[in-house]
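Reader: I'd like to learn how to read aromatic rings and strands in a model. Could you walk me through it?

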Amino acid sequence: MRILVGLIIINCLFGCEEKKAEKSKDLISFNSKFIAELGGENYNKYEAKLNSEFEPKYIGKTIEITKLIDANACGEYDGNIEIKKDSLILIYKLVSDEVCTSSAIVEVNYKIKNEKKLKYKVGLRYE
């Protein structure tokens, strides 16, 4: 009986562990930079740019996308991508448990491999 309970505990410790999503092999780099917080003196200056379209730069066999987006001012984020047919989805994932009620504008930069030099429709998904 002890052996059975021990095996169940060991299985749960290793089997119940949350698996980390792997980064896309096509994501070369991701950076996120704080620009302004809601109520700050520069927030209104950048707020209008939040609704701008994505403007990917196709440079050789890479794509570089830089855009202002909104995020939780206290959260920590990581980036990833997903490619589906002719769509490139930029993923902006909250990786911290800490959040607050304040919003911020951040500048994200994704650099992506594009060996086939394809053009994509670009979207953003928060996770």
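**Rings and strands, step by step**

Author: Sure. Keep in mind that this is a predicted model. Let's start with two rings: Phe 30 is buried, and Tyr 110 is buried as well.

Reader: Okay, and how do I describe two rings together?

Author: In general, you describe a pair of aromatic rings by how far apart the centres are and by the angle of the planes. In this structure the count comes to 4 aromatic pairs. One of them is Phe 30 with Tyr 110, with 4.9 Å from centre to centre and 55 degrees between the planes, a tilted pair. This pair links distant parts of the chain, with Phe 30 in strand S1 (residues 27–37) and Tyr 110 in strand S6 (residues 103–113), 80 residues apart.

Reader: What kind of aromatic pair do Tyr 92 and Tyr 126 form?

Author: That one is edge-to-face: the planes of Tyr 92 and Tyr 126 are at 80 degrees, and the centres lie 6.1 Å apart. Here too the pair links distant parts of the chain: Tyr 92 belongs to strand S5 (residues 87–94) and Tyr 126 to strand S7 (residues 121–126), 34 residues apart.

Reader: Why does Tyr 92 count as buried?

Author: Because its relative accessibility is 1%, and buried means under 20%. Tyr 126 has a relative accessible area of 40%, so Tyr 126 is partly exposed.

Reader: Which residues form one aromatic cluster?

Author: Phe 30, Tyr 77, Tyr 92, Tyr 110 and Tyr 126.

Reader: And charges over rings: which residue lies over the face of Tyr 58?

Author: Lys 119 does, at 4.0 Å from the ring centre. You'll also find Lys 67 over the face of Phe 54, at 5.4 Å from the ring centre.

Reader: Now the strands. In what order do the 4 strands of the open sheet come?

Author: Read across the sheet, the order is S1-S6-S3-S2, and the pairing is antiparallel. S1 and strand S2 (57–59) are the edge strands, each pairing on one side only. On average, neighbouring strands in this sheet are turned by 20 degrees against each other, ignoring direction.

Reader: How many bridges are there between strand S3 and S6?

Author: Strand S3 (residues 62–72) pairs with S6 over 11 bridges, in the antiparallel sense. If you want a spot to click on, Asp 70 stands opposite Ile 105 in S6.

Reader: So S6 turns up in both stories?

Author: Right: Tyr 110 of the tilted pair is in strand S6, and S6 sits between S1 and S3 in the sheet order S1-S6-S3-S2.

Terms used: Residues are numbered from 1 along each chain as its sequence is written. This is a predicted model: local features need pLDDT of at least 70, side-chain atom pairs count only at pLDDT 80 or more; totals for chains, interfaces and linings use all residues. Side-chain values use heavy atoms; hydrogens and water are left out. Rings of Phe, Tyr and Trp (its six-membered ring) pair if their centres lie within 6.5 Å; planes under 30 degrees apart count as stacked, over 60 as edge-to-face and the rest as tilted. Helices (H or I, at least four residues) and strands (E, at least two) are DSSP runs, numbered from the N terminus. Buried means under 20% relative accessible area, exposed over 50%, partly exposed in between (1.4 Å probe, protein chains only). A charge sits over a ring if NZ of Lys or CZ of Arg is within 6 Å of the ring centre and within 35 degrees of the ring normal. Two strands pair if DSSP finds at least two bridges between them. Axes are lines fitted to C-alpha atoms, for helices over the stretch in contact, and angles run from 0 to 180 degrees between N-to-C directions.
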